Every structure is written in C-alpha cells, then in structure tokens.
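Work through the exercises below with the model open. Try each task before reading its solution.

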Amino acid sequence: MKNWKKNINWKNCFKENARKRDRRKKICIQLNWVIKLKEKIYNRQKCLEYANQWALSRNPAYYDYEKIGGDCTNFASQCIFAGSGVMNYNSWYYKNGNNKSPSWTGVEFLYNFLVNNKGVGPHGMEVLQNQIQVGDLVQLSSNGQRFTHSLIIVDIGNVNYLSDILIATHTYDALRRPLVTYDFEKIRFVHIDKIYE
C-alpha cells in the first residue's frame, strides 16, 4: 500500500488542477462581468460641450502629446470620456501622461478598443456616413493604408455631404471645421452606441 504514491505524477496533477482552477476563475470573472455591467446612454451633449470648450486649447488635467506624435486621439478620448463618464482600466484609460493605455492616444488602438470592447466603457461600431451622430468619431487615412487622424463630430447639417459635417480636433486644432476640407484617401465613422459601467 505504501507504493501507490510513487506511481502518481504529482507535478502533472498539480498543473492539471491549476488549469482547471484557472478555467473556473475565468468563467466566474466572465459571469461577474455579465451580471455587474449596467448599460447607460452616451451623453452626446456632454461630449459636445467638452469639444467646444477644449478644441482650441488644452485641458491641464491631460498631457499634451502635440510635440511627440500628435494629440488628436488623446483629445478624441477626452471627448468620448466626457460623454461616457467611464474608463476601462484594462483597455482604455488615462491616469497621467506616462500612465495611459495605448488606446487612449493611438488611432488604431482606439478604433480596436471601441469596436471590440466587451467590458466597461464606451462601445462603438463602424457605420456608414448617414448613420453618424454628434459625438461620434471620425478617423482619416491619408495614404489609404493606415488611419492616422481622429476627429469628433460636433455638428451635422445634411449628413450626406462632408461639407455639412463639422468636427473638432487637436493636431491641428480645429473647431467646427467642415470634414470636406481634409485631404484623405479613406475615411471611417465610429458610432458610439452604448456605455457599460
């Protein structure tokens, strides 16, 4: 009877139990997210007010990335945060100039966060031009391959004409600038459809 312990590979047994424990933990975490998340409406008016206030200046609460790559996506994130009131401290957040997520300041990273977010914070989806609203995001590609500029929609006349879609942005600062005045090869629109907290 004493030899039964010799035949068991204890190392593998512990690994298998750890894997099962990790799987159970992930499932519990996912269930918690589903249970705890509460949907709320994106406050487009607050986004607009923030854009109007800070498009041509800088909010001292945020670092200005103008001289180190551009500040457009930082400003777009600030506007979206003003309208959502919720950060996702795993994927989309700003604590200070050196402690922020890539999605807070990176054009592609912000797009990927918004359209793929399954947790807390704003959720977006790429839409056609005629589906946009004030407070939504516009991104431009000058070469047709990489998107490099983020803008916030602050006014819409006739949604079918780029001349009637007005934006706010940093780098280069603009407020109520017609979208038609930009040179670009590609354009995409991201509609913020809901917020989870």
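## Exercise 1: a helix pair

In this predicted model, T73, A76, S77 and I80 of helix 3 are in contact with V107, L110 and L114 of helix 5. Sort the residues of this contact into nonpolar, polar and charged.

Solution. The contact splits into 5 nonpolar and 2 polar residues, with no charged ones.

Now find how the axes of helix 3 and helix 5 are placed.

Solution. Start with the general recipe: a packed pair is described by the angle and the distance between the two axes. Helix 3 spans residues 72-84 and helix 5 spans residues 107-116. Their axes come within 9 Å. They cross at roughly 30°. Angles under 35 degrees count as roughly parallel, so helix 3 and helix 5 are roughly parallel to each other. The crossing is left-handed.

## Exercise 2: S84

Is S84 buried or exposed?

Solution. Locate S84 in helix 3. Its relative accessibility is 1%. Buried means under 20%, so S84 counts as buried. Leaving out residues up to four places away in sequence, S84 touches K40, Y42, W92, P122 and I195.

## Exercise 3: the nonpolar core

Which residues have the most contacts inside the largest nonpolar core?

Solution. The core has 34 residues, and F75, I80, L114 and I152 have the most contacts inside it. Next, trace the elements: helix 2, helix 3, helix 5, strand 6, strand 7 and strand 9 each give two or more residues to this core. Helix 2 supplies the largest share, 5 residues. Last, check I80. Beyond four places in sequence, I80 touches Y42, C47, W92, L110, L114, P122, I152 and I192.

How values were computed: Residues are numbered from 1 along each chain as its sequence is written. This is a predicted model: local features need pLDDT of at least 70, side-chain atom pairs count only at pLDDT 80 or more; totals for chains, interfaces and linings use all residues. Side-chain values use heavy atoms; hydrogens and water are left out. Axes are lines fitted to C-alpha atoms, for helices over the stretch in contact, and angles run from 0 to 180 degrees between N-to-C directions. Helices (H or I, at least four residues) and strands (E, at least two) are DSSP runs, numbered from the N terminus. Angles under 35 degrees count as roughly parallel, over 145 as roughly antiparallel, 65 to 115 as roughly perpendicular and the rest as oblique. A crossing is left-handed if the near helix is turned anticlockwise from the far one by less than a right angle, and right-handed if clockwise. Contact means heavy atoms within 4.5 Å. Ala, Val, Leu, Ile, Met, Phe, Trp, Tyr, Cys and Pro count as nonpolar, Asp, Glu, Lys and Arg as charged, and the others, Gly among them, as polar. Buried means under 20% relative accessible area, exposed over 50%, partly exposed in between (1.4 Å probe, protein chains only). A nonpolar core is a set of buried Ala, Val, Leu, Ile, Met, Phe, Trp, Tyr and Cys residues joined through side-chain atoms within 4.5 Å.
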